[in-house]
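Student: I would like a close look at a single part of this structure, the open sheet, together with what surrounds it. Please take it in one connected account.

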Amino acid sequence: MIVVGGEALIDLVPVERPPGALLPRPGGGPYNTALALGRLGAEAAFCSRVSQDGFGESLLAGLRAAGVDLSLVQRGPEPTTLAVPSLAPDGSASYRFYVEGTADRLFALPPALPPAVRALALGTCSLVLEPGASAYEALLRRESRRGLLTLLDPNVRPALIADPAAYRRRFLEWLPYVSVLKLSEEDAAWLGGRPGDWLAAGPSAVVLTRGAAGLTVWTADGAEYGAAARPVAVADTIGAGDTVNAALLHRLTAAADPGAAGADWPDILAYAARAAALTCTRAGAEPPYAAELELSR
């Protein structure tokens, strides 16, 4: 099983008609990653705190339909976090968030994860907003120490980070507990580091998503591999990076000896590029199903 920890929220996505209208869509980087894992056929569980409001019920219904285990989900009466993306002409998105007093940021550290768990993925807003951020950080440290494969996607949202310098220091403190660091070019530029620096701090691999330029991975043994992006008609890029997370985890944990060391990275990156491309063809975060990926070979 792969456990994904972090926020589930509602994206209020702009639509063309009627002018100025916003369409509620399930979202949140960790939520999208868990959804994508379920659709790809992986055994996945979501670990979060979700509102008992109507939005929260719809979020859980989406995960349930994808076959995601919900036994690690905490519930609360507080409202669901809202995100309002603004879309650029190329389909890329920036966000404004409504997070005060919302359910997901009150996440509490759960007991040790079940023995069947092979990997843990964390990232995005959940590692910024307290008090939940400290609970997720404790989860990362605890489960890494017992040998789980861990994936971190910082998925930086500058609008939520009141003290950038403090966040950058905290990010470096996470790296000794991270197996795979996955981030976008925009994340890398904001964090101000380089793959070699991050690898030296602990991860076995650093995966960089580069939009239309594809994906690149650097590994601790000095190797570098790349995969080209699939050319598609882009509706938007919402959820594409989260789909990459799921594809990486699905392939890394499916191996007889799961982990980043010795992985078939050219194959893994090509698989992730195909999955992300399909997500980009659809409005909002709509990751593909396993059968769709087979047809896109």
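Tutor: What follows starts with the whole chain, goes on to the sheet, and then turns to the helices and loops.

The model is predicted. Its protein chain contains nine helices and 14 strands. Along the principal axes, the C-alpha atoms fill a box of roughly 50 × 45 × 40 Å. A compact globule of 297 residues would have a radius of gyration near 19 Å, and the chain, with 17 Å, agrees with that. Of the 297 residues, 56% count as buried. Among contacts between residues at least 6 apart in sequence, 69% join residues at least 24 apart.

Now the sheet itself. Eight strands form an open sheet with mixed pairing, in the order E4-E1-E9-E10-E11-E12-E13-E14. Strands of a sheet pair through backbone hydrogen bonds, in either a parallel or an antiparallel way. The edges here are strand E4 (44-47) and strand E14 (224-227), each of which pairs on one side only. From one strand to the next, the twist averages 15 degrees.

One pair of strands can be followed in detail. Strand E12 (residues 205-209) and strand E13 (residues 215-219) run antiparallel and are joined by five bridges. Leu 208, for example, has Thr 216 in E13 as its bridge partner.

At the other part of the strand order, a helix comes in. Helix H1 (residues 29-40) packs on the sheet and touches strand E1 (2-5), E4 and strand E9 (119-123). The direction of H1 makes about 160 degrees with that of E1.

H1 also has a helix for a partner. Two packed helices are described by the angle between their axes and the distance between those axes. H1 and helix H2 (residues 54-65) pack at an angle of about 30 degrees, and their axes are 9 Å apart. The cut-off for roughly parallel is under 35 degrees, so H1 is roughly parallel to H2. On the H1 side, Tyr 31, Ala 34 and Leu 35 meet Ser 58, Leu 59, Gly 62 and Leu 63 of H2. By class, this contact of H1 with H2 has five nonpolar residues, two polar residues and no charged residues.

A second helix pair has another make-up. The axes of helix H3 (residues 132-145) and helix H4 (residues 164-174) come within 11 Å and cross at roughly 25 degrees. That angle makes H3 roughly parallel to H4. H3 contributes Ala 133, Ser 134, Glu 137, Leu 140 and Arg 141 to the contact, while H4 contributes Arg 170, Glu 173 and Trp 174. The residues of this contact of H3 with H4 divide into three nonpolar, one polar and four charged.

The loops that follow the sheet strands come next. The loop between E9 and H3 holds Thr 124, and Pro 131 has its place there too. Thr 124 is not a glycine, yet its phi is positive, at about 65 degrees. With a relative accessible area of 5%, Thr 124 is buried. As for Pro 131, a cis peptide bond joins Glu 130 to it, with omega about 5 degrees.

Asn 155 is placed in the loop between strand E10 (149-153) and H4. Asn 155 also has a positive phi, about 40 degrees, although it is not a glycine. Its relative accessible area is 12%, so Asn 155 counts as buried, the cut-off being under 20%. Leaving aside residues up to four places away in sequence, Asn 155 touches Gly 29, Thr 124, Asp 187 and Asp 242. Thr 124, one of these partners, is the buried residue described above, and the contact thus links the loop that holds Asn 155 with the loop that holds Thr 124. Gly 29, another of the partners, belongs to H1, which spans residues 29-40.

One more loop residue remains. Thr 102 lies in the loop between strand E8 (93-98) and E9. Thr 102 is buried, with a relative accessible area of 2%. Outside the residues up to four places away in sequence, Thr 102 touches Glu 78, Pro 79, Thr 80 and Thr 81.

Terms used. Residues are numbered from 1 along each chain as its sequence is written. This is a predicted model: local features need pLDDT of at least 70, side-chain atom pairs count only at pLDDT 80 or more; totals for chains, interfaces and linings use all residues. Side-chain values use heavy atoms; hydrogens and water are left out. Axes are lines fitted to C-alpha atoms, for helices over the stretch in contact, and angles run from 0 to 180 degrees between N-to-C directions. Helices (H or I, at least four residues) and strands (E, at least two) are DSSP runs, numbered from the N terminus. Angles under 35 degrees count as roughly parallel, over 145 as roughly antiparallel, 65 to 115 as roughly perpendicular and the rest as oblique. Contact means heavy atoms within 4.5 Å. Ala, Val, Leu, Ile, Met, Phe, Trp, Tyr, Cys and Pro count as nonpolar, Asp, Glu, Lys and Arg as charged, and the others, Gly among them, as polar. Two strands pair if DSSP finds at least two bridges between them. The radius of gyration is taken over C-alpha atoms; the globule rule is 2.2 Å times the number of residues to the power 0.38. Buried means under 20% relative accessible area, exposed over 50%, partly exposed in between (1.4 Å probe, protein chains only).
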